[in-house]
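This briefing introduces one protein chain to a reader who has not seen it before. It begins with the whole chain and then turns to single elements and residues.

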Amino acid sequence: MDSAEYERKIAARFATFDQDGNGYIDREDFSVAAKAVLAEFGTTARSDKGQAVFAGAEAFWQGMAGIADVDGDQRVTREEFITGAAKRLRDNPQRFAEIARPFLRAVIAVADEDGRGATPTAAARVLRVLGIAPETAGQVATALDGDGDGRLLEDEVLSAFAGYCGVEAPDA
Ligand code: CA
Ligand code: CA
């Protein structure tokens, strides 16, 4: 990967986390994401599933802040994301993805409308409300179902998320 492509991918990852688009990642972005997912599936924040999504979002934010908020001001700037999170993403995307596991698990539970597991269609809805372009969301969601049984497993989602986060730096 050349450095222009690397920059583009990092910028795209940052934009995904900066849900409200104000130029930095903070707790509010995770709260915005949680609310968007719950609204899409008509789940109330007070329900068990809703509370799990908010708790997962908070844990995700704490993990992100622990890795990337170098100056401790409760905001992850683009600079902090590149130096902190991106390094961790590159070195160990699977481990990075683990900080997202409670959130992903809770979101899958919300997207599981019939109690038989979340479908790729439901996953595409999640991705769309999180700001992923509709055509990309559909492709990604279909690819998530690795064994093609029409239901998504937590580990399938987690490893896909790790793959998305795993940005290779250009050779120095
Ligand atoms: Ca933000
Ligand atoms: Ca900071």
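Of the 172 residues of the chain, 42% count as buried. The model is a predicted one. The chain holds nine helices and two strands. Its radius of gyration is 16 Å, close to the 16 Å that the globule rule gives for 172 residues, so the chain is as compact as a globular protein of that length.

**Overall build**

- Read from the N terminus, the order of elements is α-β-α-α-β-α-α-α-α-α-α.
- The C-alpha trace spans about 50 × 35 × 25 Å along its principal axes.
- Contacts between residues at least 6 apart in sequence include many that reach further along the chain: 62% of them join residues at least 24 apart.

**Surface and charge**

- About 8700 Å² of the chain is exposed, and carbon and sulfur atoms supply 52% of that area.
- The chain has 19 positive and 30 negative charges.
- The mean positions of the positive and the negative charges lie 2 Å apart.

**The nonpolar core**

- In soluble globular proteins, nonpolar side chains tend to be buried together.
- In this chain, the largest nonpolar core has 49 residues.
- The residues with the most contacts inside that core are Phe17, Ile25, Phe30, Met64, Phe81, Phe96 and Phe161.
- Helix H3, residues 48-68, gives the largest share of this core, with eight residues.

**Val53 and Val110, from helix H3 to helix H6**

- Val53 is found in helix H3, while Val110 has its place in helix H6.
- Val53 has a relative accessible area of 0% and is therefore buried.
- Val110 is buried too, with a relative accessible area of 4%.
- Leaving aside neighbours within four places in sequence, Val53 is in contact with Ala34, Leu38, Phe103, Ala106, Val107 and Val110.
- With residues up to four places away in sequence not counted, Val110 touches Val37, Leu38, Phe41, Thr43, Lys49 and Val53.
- Leu38 is thus among the contacts of Val53 and also among those of Val110.
- Val53 and Ala106 are 53 residues apart along the chain, yet their C-alpha atoms are separated by 5.0 Å.
- Val110 and Gly50 are 60 residues apart in sequence, and the distance between them is 7.6 Å, C-alpha to C-alpha.

**Helix H7 and its cover**

- Helix H7 covers residues 120-129, and its buried residues are Pro120, Ala122, Ala123, Ala124, Val126 and Leu127.
- The cover over these buried residues includes helix H2 (27-40), helix H6 (101-111) and helix H8 (134-144).
- Helix H6, one of the elements covering H7, is also the helix in which Val110 lies.
- After H7 comes Gly131, which has a positive phi, near 100 degrees.

**The loop between H3 and S2**

- Gln74 sits in the loop between H3 and strand S2 (76-77).
- The phi of Gln74 is near 70 degrees, which is a positive value in a residue other than glycine.
- Gln74 has a relative accessible area of 41%, and so it is partly exposed.

**Ile82 and Lys87 in helix H4**

- Lys87 is found in helix H4, residues 78-91, and Ile82 has its place in helix H4 as well.
- Ile82 is partly exposed, with a relative accessible area of 24%.
- Buried means under 20% relative accessible area, so Ile82 at 24% counts as partly exposed.
- Lys87 also counts as partly exposed, at 43% relative accessibility.
- Ile82 touches Ile10 and Lys87, not counting residues up to four places away in sequence.
- The C-alpha atoms of Ile82 and Ala68 are separated by 8.5 Å, and these residues are 14 apart along the chain.
- Lys87 and Arg75 are 12 residues apart in sequence, and their C-alpha atoms are 18 Å apart in space.

Definitions and conventions
Residues numbered from 1 in each chain as written. Chains lettered and ligands numbered in written order. Predicted model: local features only at pLDDT ≥ 70, side-chain atom pairs only at ≥ 80, totals over all residues. Heavy atoms only, no water. Helix = DSSP H or I, 4+ residues; strand = E, 2+ residues; numbered from the N terminus. Rg over C-alpha atoms; globule rule 2.2 N^0.38 Å. Buried < 20%, exposed > 50% of the residue type's maximum accessible area, 1.4 Å probe, protein only. Contact = heavy atoms within 4.5 Å. Areas by Shrake-Rupley, 256 points an atom, 1.4 Å probe, with all protein chains shown as cover. Lys, Arg positive; Asp, Glu negative; His and termini not counted. Charge placed at Lys NZ, Arg CZ, Asp CG, Glu CD. Core = buried A, V, L, I, M, F, W, Y, C linked by side-chain atoms within 4.5 Å.
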